[in-house]
Amino acid sequence: MKRITLLATAAAAVFAVGLSGCSKEKNGLPKGDPCRLSLTGTAIDLYGNGSQASMTKVETETLPENLAVGVHVVDLISGETVSTAAIANVQHVSDASGALNNADPDNPVILTTGYTYDIYAYSPHIPAVTSATSSAIPVAHGSDVLWAKTLGEKPNAATHNVALTFEHKTAQVAFQIVADGTSNPDITGAT
């Protein structure tokens, strides 16, 4: 009788260990497999009659080739924010098809299946930006600034594809002032 009880106890222990190995959480975090991040990007063209209130989104177009983009990935399950993200300001470069390729292909951005991520991207890429400074990106005068975000991404395959839609946040507008012969306006000092 003792032998049967001992075998039953051992079988129960092996079964319990097997069940704990299948747990969906480890240390309070979901268990998951590695997943490579794949990005594409388009830009929204804006059209309006001159006032910001009347600007409307009319169409999207592929990003221009060789556009450098900084990408931040925020792991929501671990409690990260944009200013504490471990994956911060990873440079990607657009190709002719609109794909955003990691500028360092030997170090791809790896996500985890079962986790949830917010992804932010901006252009032009500024190498000095860190997680802590990502909310105030310094931009040179005369630069167009593009911004994109996607919230709640949940990877569930070996590659997770994200389509980012960039909007213009600032743009340089240049005017050329020309005096015509008939009105002869004074344009002294115009820039």
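**Figure 1. Leucine 151 and its contacts in a predicted model.** Start with leucine 151, which touches Tyr117, Asp118 and Tyr120 once its neighbours within four places in sequence are set aside. You'll find leucine 151 in strand 10, a stretch that runs over residues 145-153. Is leucine 151 buried or exposed? Its relative accessible area is 51%, and the cut-off for exposed is over 50%, so leucine 151 counts as exposed. For a sense of how the chain comes back on itself, look at valine 74: it sits 77 residues from leucine 151 in sequence, yet the two C-alpha atoms are 9.4 Å apart in space.

**Figure 2. The whole protein, for orientation.** Zoom out for a moment and you can count 1 helix and 11 strands. The helix comes at the start of the pattern, and the strands follow one after another along the sequence. Of the 191 residues, 27% are buried. The accessible surface comes to about 12,400 Å², with 56% of that belonging to carbon and sulfur atoms. Take the contacts between residues at least 6 apart in sequence: 64% of them join residues at least 24 apart.

**Figure 3. The largest nonpolar core.** In soluble globular proteins, nonpolar side chains tend to be buried together. Here the largest such core holds 21 residues, and the members that touch the most others are Leu37, Val73, Leu164 and Phe166. Which elements give two or more residues to this core? They are strand 3, strand 5, strand 9, strand 10 and strand 11. Strand 3 brings the largest share, with 4 residues.

**Figure 4. A closer look at valine 73.** Valine 73 has plenty to show off here. Leaving out residues up to four places away in sequence, it touches Leu37, Glu80, Ala85, Ile87, Val109, Leu111, Tyr117, Asp118 and Ile119. Among these, Leu37 also appears with Val73 in the list of core members that touch the most others.

**Figure 5. The second largest pocket.** About 150 Å³ of space lies in this pocket. Strand 3 (34-47) and strand 7 (99-102) each give two or more residues to its lining. The lining residues include Arg36, Leu37, Ser38 and Leu39, along with Ala99, Leu100, Asn101 and Asn102. His92, Pro105, Pro108 and Val109 line the pocket too. What is the mix of classes in the lining? It has 7 nonpolar, 4 polar and 1 charged residues. Two names may ring a bell: Leu37 and Val109 line this pocket, and both are touched by valine 73.

**Figure 6. Some backbone oddities.** Most residues other than glycine have a negative phi, and most peptide bonds are trans. Asparagine 66 has a positive phi, near 70 degrees, and lies in the loop between strand 4 and strand 5. Asparagine 89 also has a positive phi, near 55 degrees, but its place is in strand 6. Which of these is buried and which exposed? With 58% relative accessibility, asparagine 66 counts as exposed, whereas asparagine 89, at 8%, counts as buried. Finally, look at the peptide bond from serine 123 to proline 124: it is cis, with omega near 10 degrees. Proline 124 is in the loop between strand 9 and strand 10.

Notes
Residues numbered from 1 in each chain as written. Predicted model: local features only at pLDDT ≥ 70, side-chain atom pairs only at ≥ 80, totals over all residues. Heavy atoms only, no water. 1 Å grid on protein atoms, 1.4 Å probe; cavity = no way out; pocket = protein on both sides within 12 Å on 5 of 7 lines; lining within 4 Å. Points joined across faces, edges and corners; volume = space filled by probe spheres on them. Nonpolar A, V, L, I, M, F, W, Y, C, P; charged D, E, K, R; others polar. Core = buried A, V, L, I, M, F, W, Y, C linked by side-chain atoms within 4.5 Å. Buried < 20%, exposed > 50% of the residue type's maximum accessible area, 1.4 Å probe, protein only. Contact = heavy atoms within 4.5 Å. Areas by Shrake-Rupley, 256 points an atom, 1.4 Å probe, with all protein chains shown as cover.
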